[in-house]
Amino acid sequence: MNLDFDKMDGLVPAVIQDAQTSQVLMLGYMNEEAYRKTVAEGMVTFFSRSKNRLWTKGETSGNTLEVVSIAEDCDNDSLLIKVNPNGPTCHTGDISCFGEDPALKRLAAIQFIARLEEVIQERKAKPEETSYTNFLFDKGINKIAQKVGEEAVETVIDAVAGKTDTMKGEAADLLYHLLVLLAATGLELADVVAVLQERHKK
């Protein structure tokens, strides 16, 4: 890249975007040293104008920004950096410094479920000795189905009792075990979604 650091007294703005959801996470500034450090280490580093030093995002919080790609604009004086964020980007705890977009939040959740299903399929194809997923596969469909039933009952109990905090955990267990059951029976989540899509047409 041939970045022009002279237009803004040695700095270029860097727009940080989630590589998975396309949500804009934050805007920061880089001098040439911060840019080179970002490229070399694969973690976004800015130049802090208030502290007058380099600042690697997440150096204290652990909420780092892992670089996926870097592109400069047509004038060579600003950057678009796509990242995989490790935790919330904003100091307020929000995903983005520009506030959370409910639609993108749902998209990120769906993408995570898709990735979880991929991991389960990987465990099925290439078992790992210490994997709980492989423990379930080894026990067979009856055991997996039993776990789905147990987690469904626990989810219902918490729902009826109004215990939404613990219900989230039970629902997560239910969803995970359902994905394992689908994999064990040779089905995918897409097969289930296709049924819902067909029903939605009616």
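Helices, of at least four residues, and strands, of at least two, are taken here as DSSP runs numbered from the N terminus. With that in hand, the predicted model can be read from its annotated domain outwards. The UniProt record, an unreviewed entry, places the feature "domain: Phosphoribosyl-AMP cyclohydrolase" at residues 26-98. In the model, this span is 14% helix and 38% strand, and the C-alpha atoms at its two ends lie 7 Å apart.

A good place to look next is the hairpin formed by strands E1 and E2. Strand E1 covers residues 12-18 and runs antiparallel to E2, with six bridges joining the two. Within this pairing, isoleucine 16 stands opposite methionine 26 of E2. Five residues separate the strands, and serine 22, in the turn, has a positive phi of about 70 degrees. Strand E2 itself (residues 24-30) is mostly covered, five of its seven residues being buried.

Helix H5 offers a second point of interest. Its 21 residues (164-184) reach 30 Å from the first C-alpha to the last, close to the 30 Å expected at 1.5 Å a residue. The buried residues of H5 are Glu170, Tyr176, His177, Leu179, Val180, Leu181, Leu182 and Ala183. Helices H2 (102-125), H3 (132-139), H4 (141-161) and H6 (189-201) are among the elements that cover these buried residues of H5. After H5 comes glycine 186, with a positive phi near 85 degrees.

Technical notes:
Residues numbered from 1 in each chain as written. Predicted model: local features only at pLDDT ≥ 70, side-chain atom pairs only at ≥ 80, totals over all residues. Heavy atoms only, no water. UniProt positions renumbered as here; feature names shortened; annotations may be inferred. Expected span 1.5 Å × (residues − 1). Buried < 20%, exposed > 50% of the residue type's maximum accessible area, 1.4 Å probe, protein only. Contact = heavy atoms within 4.5 Å. Pairing = 2+ DSSP bridges.
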